[in-house]
Amino acid sequence: AWSVMQALGNDGYLDLAARTFETVDRIVAGVSEIDGLALAVRPDSTLVTLVTDRSCDPFTVCDEMAERGWYVQPQLHHEDSPANIHLTVQAGTLVNVDELLAAFADAVAAAQATGPVQVDPGVVAFIEALDPTVLSDADFDGLLAASGLVGAAADGSLELPSRMAPVNAMLDVAAPAMREALLVAFLDRL
């Protein structure tokens, strides 16, 4: 931080902050023009949280953004906070903010065309019946088989799906402790 401040100086730092907040303001204004996408709350800083309406889901929007060359972070629901899209805005985004907003508009339209990801009720029941404190390999194998989301490669390793929306939707129905247990089991297999 000291080196950056020495290189930028006070005026450089103030310019960087102004460009970053201009980017946030342009994202906020642009999102208000996209049907199906909204701010979770008006940002106080460079962190922007977006939510979708019932016409689509944030996980599919994130996959669609990735198809358009943008990585935006999906976040699972927690307590009263719904599943959402998280952006950490930087000054460098300013030069591409119009492209970002156009990609969001296209991604939301594509997500609306396919509709929200639905998790099979049987998979939901399977997840709800699992105990995260004693999740066994057999339990995890059963969930993988029931979900049909992750297959086995020819060498027996896990084969990841090309789109993460179904996986994120499945994790979103699980309690936080179960999410952690499932992610640990998944990473253990990788």
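Which residues form a nonpolar patch on the surface? The legends below address this question and then turn to other parts of the structure.

**Figure 1. Nonpolar surface patch formed by V4, L8, Y13, L14 and L16.**
This is a predicted model, in which local features need pLDDT of at least 70, side-chain atom pairs count only at pLDDT 80 or more, and totals for chains, interfaces and linings use all residues. Residues are numbered from 1 along each chain as its sequence is written, and side-chain values use heavy atoms, with hydrogens and water left out. Together, V4, L8, Y13, L14 and L16 offer about 440 Å² of accessible area (Shrake-Rupley method, 1.4 Å probe; for residues, only the protein chains shown count as cover). A patch is made of residues with over 30% relative accessible area and no salt bridge, like charges being joined within 9 Å and nonpolar side chains (Val, Leu, Ile, Met, Phe, Trp, Tyr) within 5 Å. V4 belongs to helix α1, residues 2–31, and is partly exposed at a relative accessible area of 47%. Residues are called buried under 20% relative accessible area, exposed over 50%, and partly exposed in between (1.4 Å probe, protein chains only).

**Figure 2. Overall architecture of the protein.**
Seven helices and six strands make up the protein; helices (H or I, at least four residues) and strands (E, at least two) are DSSP runs numbered from the N terminus. Along the sequence, these elements follow the pattern α-β-β-α-β-β-α-α-α-β-β-α-α. The C-alpha trace spans about 60 × 40 × 35 Å along its principal axes. Of the 190 residues, 37% count as buried. The accessible surface comes to about 10,800 Å², and carbon and sulfur atoms account for 54% of it. Among contacts between residues at least 6 apart in sequence, 65% join residues at least 24 apart, a contact being heavy atoms within 4.5 Å.

**Figure 3. The open four-stranded sheet, ordered β1-β2-β4-β3.**
Pairing in this sheet is antiparallel, and two strands pair if DSSP finds at least two bridges between them. The edge strands, β1 (37–39) and β3 (73–75), each pair on one side only. Neighbouring strands are turned by 35 degrees against each other on average, direction ignored; axes are lines fitted to C-alpha atoms (for helices, over the stretch in contact), and angles run from 0 to 180 degrees between N-to-C directions. Strands β1 and β2 are joined by three bridges, whereas β2 (residues 47–52) and β4 (residues 84–88) are joined by four. L50 in β2 stands opposite L39, and its bridge partner in β4 is I85.

**Figure 4. The loop between β3 and β4, with E79.**
E79 has a positive phi of about 50 degrees although it is not a glycine. With a relative accessibility of 67%, E79 counts as exposed.

**Figure 5. Helix α2 and its surroundings.**
Helix α2 (residues 58–67) is mostly covered, eight of its ten residues being buried. The buried residues are P58, F59, T60, V61, C62, D63, E64 and M65. They pack against strands β2, β3 and β4 and against helices α3 (97–114) and α6 (165–173).

**Figure 6. Salt bridges around E64, and the pair D172 and R179.**
The whole structure contains seven salt bridges, each defined as a side-chain nitrogen of Lys or Arg within 4 Å of a carboxyl oxygen of Asp or Glu. D63, E64, E67, R68 and R163 are linked in a network of such bridges. Within this network, R68 meets E64 at 2.8 Å, N to O; R68 is partly exposed at 32% relative accessible area, while E64 is buried at 11%. E64 also meets R163 at 3.0 Å, N to O. This pair links distant parts of the chain, with E64 in helix α2 and R163 in the loop between β6 (158–159) and α6, 99 residues apart. R163 counts as partly exposed, at 25% relative accessibility. A further salt bridge joins the side chains of D172 and R179 at 3.8 Å, N to O, and both residues are buried.

**Figure 7. The surroundings of T23 in helix α1.**
T23 is buried, with a relative accessibility of 0%. Leaving aside neighbours within four places in sequence, T23 contacts V89, Q90, A91, T93, L94 and V97. The C-alpha atoms of T23 and V95 are separated by 8.7 Å, although these residues lie 72 residues apart along the chain.
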